[in-house]
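Good morning, everyone. Please look at the screen while I bring up the protein for today.

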Amino acid sequence: MGSLTTLTAVVVGDTFSSELGATRLPAPGEGAGDEHWSLFQLSTEDGGRRPGLFVPPVTAGTLDSDPVEEVLLARDEGANQAWAVERRITTPLGAALDRTGTTAPVPRPAPATLTYRLATDVPANWLPLVPVEAGPGAHRLRLSGLNAPDGSPLVPLGRLLNPRLPGPYELYAEEVPREGVTVTRTVRHTRTASGRTLVWTARRARPGRGESSSGLSFDRLEG
């Protein structure tokens, strides 16, 4: 690991004749008929190429913590909607906070009255992914906000949905399949070949567990 090997010459020893001999082979690309053929070449900064086999110093093994943040990207066919669900976030003190089951406060009407609701409320950690047309035939899902019943905005609290981009948070529509995607953020630890310790934050995406339901419905009378 962490080496660059350059082949300078290949010599073949001949043992099939009475006279032992050695034949030096031409370098790859220098033989007759293989002008455009190469083996183990690297691109250089000036646009050229140089021979060599580079083996990067990749990690052989790591230790991962429990997820410090987890987001589910899911389809909701009942509401004809895609959602970004914050399941777990990291608090300012560094602890993990489970947001599953959190709801926004819902004002209740007086008894024996009927209230028309244009749309029902969704959990506070469910944020809509609204389809937008970025170009002709190119559709993306844009993270949008909702308002709680008291009028306060519902916004993401974690870092996965707050990457501090110059523009809005968008995904290609095909990146959220029917089974969904679970994205996690963990703390990863490893040691180099020299024994040096490295710690960093890693992100990982894996398939979800199918469609989800936010309970969102429209045009309801409640009482």
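I will go from the overall picture to the core, then to strand β17, the salt bridges and the surface.

One thing before we start. This is a predicted model.

Start with the whole protein. It has zero helices and 19 strands. The protein has 223 residues, and 25% of them are buried. Its accessible surface comes to about 15400 Å². Carbon and sulfur atoms hold 55% of that surface. Now think about contacts across the chain. Take those with a separation of 6 or more: 58% of them join residues 24 or more positions apart.

Next, the core. The largest nonpolar core has 19 residues. Which of them touch the most other members? They are L73, A84, L129, L141, L143, L161 and L171. Which elements give two or more residues to this core? They are β8, β9, β12, β13 and β17. β8 covers 69–76, and β12 covers 126–135.

Let us zoom in on L141. Leave out its neighbours within four places in sequence. L141 then contacts R75, A82, L129, V130, P131, Y169, E170, L171, A173 and V176. Keep E170 in mind from that list. There is also another core, apart from the largest one. That one has six residues, among them L72, W83, V122 and W126.

Now strand β17. It runs over residues 181–191. I picked two threonines there.

T186 comes from this strand. Is T186 buried or exposed? Its relative accessibility is 9%, so T186 counts as buried. The cut-off for buried is under 20%. What does T186 touch, beyond residues up to four places away? There are D64, S65, D66, P67 and V68. There are also W200, T201 and A202.

T190 is also found in β17. Its relative accessibility is 4%, so T190 is buried. Again, skip residues up to four places away. T190 touches T59, G61, T62, R196, T197, L198 and W200. G61 deserves a closer look. The side chain of T190 reaches the backbone oxygen of G61 at 2.8 Å.

Where is G61? It sits in the loop between β6 and β7, with β6 spanning 53–55. G61 has a relative accessible area of 42%, so it is partly exposed. Outside its neighbours within four places in sequence, G61 contacts H189 and T190. Look at G61 and H189 along the chain: they are 128 residues apart. In space, their C-alpha atoms are separated by 8.9 Å.

On to salt bridges. How many are there? The count comes to six. I will show three of them.

The first on my list pairs D64 with R188, and the closest N and O atoms are 2.8 Å apart. D64 lies in β7, residues 63–64, and R188 lies in β17, so this pair ties together parts that are 124 residues apart in sequence. D64 has a relative accessible area of 42%, which makes it partly exposed. Remember that T186 touches D64 as well.

Next, E86 and R99. Their side chains meet in a salt bridge at 2.6 Å, N to O. E86 is in strand β9, residues 81–90. R99 is in the loop between β10 and β11. The two residues are 13 apart, and the pair links distant parts of the chain. Are E86 and R99 buried or exposed? Both are buried.

Then R142 and E170. Here the N to O distance is 2.5 Å. R142 is in β13, residues 138–143, while E170 is in β16, residues 170–172. That puts them 28 residues apart. R142 has a relative accessible area of 31%, so it is partly exposed. E170 has 24%, so E170 is partly exposed too. This pair has company: R140, R142 and E170 are linked in a network of salt bridges. And E170 is the residue I asked you to keep in mind, a contact of L141.

Last stop, the surface. Which residues form a nonpolar patch there? They are M1, L39, F40, L53, V55 and V58. Together they have about 560 Å² of accessible area. Find F40 on your screen. F40 is in the loop between β3, 21–25, and β4, 41–43. Its relative accessibility is 49%, so F40 counts as partly exposed. Exposed would need over 50%.

That is my tour. Thank you.

Terms used
Residues numbered from 1 in each chain as written. Predicted model: local features only at pLDDT ≥ 70, side-chain atom pairs only at ≥ 80, totals over all residues. Heavy atoms only, no water. Helix = DSSP H or I, 4+ residues; strand = E, 2+ residues; numbered from the N terminus. Buried < 20%, exposed > 50% of the residue type's maximum accessible area, 1.4 Å probe, protein only. Contact = heavy atoms within 4.5 Å. Salt bridge = Lys/Arg side-chain N within 4 Å of Asp/Glu carboxyl O. Polar contact = N/O pair within 3.5 Å; in protein donor to acceptor, adjacent residues only side chain to side chain. Patch = residues over 30% accessible without salt bridge, like charges linked within 9 Å, V, L, I, M, F, W, Y side chains within 5 Å. Areas by Shrake-Rupley, 256 points an atom, 1.4 Å probe, with all protein chains shown as cover. Core = buried A, V, L, I, M, F, W, Y, C linked by side-chain atoms within 4.5 Å.
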